[in-house]
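Colleague: Could you walk me through this model, feature by feature? I'd like the general idea each time, then the case here.

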Amino acid sequence: MDFKLTEEQSMVKDMCRKFADNELKPKAAHYDKTHEFPWEHVKKLGEMGMFGVVYSEEYNGAGMDYPSYAIAVEELSRGCASTGVIISAHNSLCLSPINYFASPEIKKKVLPKLCTGEWLGCFGITEPNAGSDAAGTTTTAELKNGKWVLNGTKNFITNGGVANVAVVTAVTDKGQGAKGLSFFIIEKGTPGFSVGRTEEKLGICASSTTELVFENCEIPEENLLGKRGDGFKIAMHTLDGGRVGIAAQALGIAQAAFEESVKYANERQQFKQKLSNFQAIQWMIADMATEIEAARLLVYQAATLIGTGERQRYSKYAAMAKLFASEVSHRVTHKAIQIFGGYGYTREYPVERFYRDARITEIYEGTSEIQRLVIASNVIREF
Ligand SMILES: Cc1cc2nc3c(=O)[nH]c(=O)nc-3n(C[C@H](O)[C@H](O)[C@H](O)COP(=O)(O)OP(=O)(O)OC[C@H]3O[C@@H](n4cnc5c(N)ncnc54)[C@H](O)[C@@H]3O)c2cc1C
């Protein structure tokens, strides 16, 4: 077992850490407050290869390995959690199903623009009545005269308001539950496809979260990803990979909260001594440091397993990494506010933002309850 990063992984870590310190951190509070989409950062991250991290150079991707991707999301989220999810949703949720399941023609058409960040992507399975239970989807796709006609609404879609390409599920065979779902790719500007309501959120405020609305939206027959009826399988395959991205985002937020906490504990004085002299504070710092390291090991392990392509091996580990890292992020950001005392509760310091940003990592791409279901079903089957 070798815990050292490769040359490429170290290079990505340094590059993203510098970008986070120099570009993201100074602007993160501004974007959190204004809810503006951080286009200036998106443009630069495109030049850095962050919109096609693991995808082939043939499609303008950076061709890196999965741990490099996890490290990139971790480091970028350390600077700005909204930016972390913009990158993660684009790479893991939109590009992955296209890369695995689209026809060579579609791949050639959309991947080169998506991998450079010229185009952004989103992924929609959630609907008002289909959250944890993706099989409850009601959006329909009917094949009429050689075209798929989509009708329905997706909600809570990350990058929804800014995406040029959406990949979504729809029912193609009614009454067949999960087996009646199929997966489609739709380009912005297609008649009948529009962006609906934008959500106002607790955290990750600079990320776009919107509805996607389909009203008699006609798309070519070849825009079906994989086979008819494979939609649920494709969604689960995609989410297994995506969970590592969210786990890495949670880890980056926790790391940022930890660093700010130690710095503050070494500066702030009460009772004529630094906070870091108090054992109560030291214990919090020790627990934060230990939990972050444990989460990092799980995240890098899951990312390494994804690189093997053996889904039956990595599904459980991806769920473990997401479950643990998101709950660590919650605990660490909670302690960070405690260490900052009253100042931690104000917008003068970033820890209240970290606390708000961390919360979503326990919810999207499968809540913690759903991760426990995935882990338990794998573990029980293994015995
Ligand atoms: C900011 C944001 C961004 C998002 N981005 C995307 C995106 O890009 N694409 C997308 O498709 N979706 C996205 N989502 C949706 C997200 O994945 C869902 O919100 C999430 O999966 C939970 O679904 P739900 O909100 O309908 O909650 P529900 O499914 O209604 O769950 C409510 C509660 O019940 C629990 N629960 C449900 N079923 C079970 C069960 N079987 N056993 C035990 N407990 C259960 C849940 O864990 C939760 O605690 C996003 C959501 C948010 C808030």
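Colleague: Let me start with a strand. Why is strand β4 (residues 165-171) largely enclosed by the rest of the structure?

Modeller: A word on the source before that. This is a predicted model, where local features need pLDDT of at least 70, side-chain atom pairs count only at pLDDT 80 or more, and totals for chains, interfaces and linings use all residues. Residues are numbered from 1 along each chain as its sequence is written. As for strands and helices, they are DSSP runs numbered from the N terminus (E, at least two residues, for strands; H or I, at least four, for helices). A residue is buried if 20 or more other C-beta atoms lie within 10 Å of its own, exposed if 12 or fewer, and partly exposed in between, with C-beta atoms placed from the backbone. Now β4: seven of its seven residues are buried, so the strand is largely enclosed. Both faces are covered, with V165, V167, T169 and V171 buried on one side and A166, V168 and A170 on the other.

Colleague: Which strands pair with β4, and in what sense?

Modeller: Two strands pair if DSSP finds at least two bridges between them. Strand β1 (residues 121-124) runs parallel to β4 over four bridges, with G121 opposite V165. Strand β5 (residues 181-187) is antiparallel to β4 over seven bridges, and there E187 stands opposite V165.

Colleague: And how many bridges join β3 to strand β7?

Modeller: Nine, in the antiparallel sense, with β7 covering residues 209-220. K147 faces P220 in that pairing. β7 also pairs antiparallel with strand β6 (residues 193-198), through four bridges, and T198 sits opposite T210.

Colleague: Next, the core. Which residues have the most contacts inside the largest nonpolar core?

Modeller: A nonpolar core is a set of buried Ala, Val, Leu, Ile, Met, Phe, Trp, Tyr and Cys residues joined through C-beta atoms within 7 Å. The largest one here has 119 residues, and F184, V299, A302 and A321 have the most contacts inside it. Helix α6 (residues 231-267) gives the most to this core, with 16 residues. Take F184: two residues are in contact if their C-beta atoms, placed from the backbone, lie within 7 Å. Leaving aside neighbours within four places in sequence, the contacts of F184 include W148, V168, A170 and L225.

Colleague: How is the chain divided into domains?

Modeller: Domain bounds come from an automatic or database domain assignment. That gives domain 1 (7-116), domain 2 (121-231) and domain 3 (239-382). The centres of domain 1 and domain 2, over C-alpha atoms, are 23 Å apart. Their contact takes 24 residues from domain 1 and 18 residues from domain 2. On the domain 1 side, α1 (7-34), α4 (81-101) and α5 (104-116) each supply at least two residues, and α4 gives the most, with twelve.

Colleague: Last one: which residues come nearest to the ligand?

Modeller: A residue is near a molecule if its C-beta atom, placed from the backbone, lies within 6 Å of it. Of the 22 residues around the ligand, T126, G131, S132, T367 and E369 come nearest. The shell draws at least three residues from each of domain 2 and domain 3. β1, β3 (147-158) and α10 (368-382) each supply at least two of the shell's residues.
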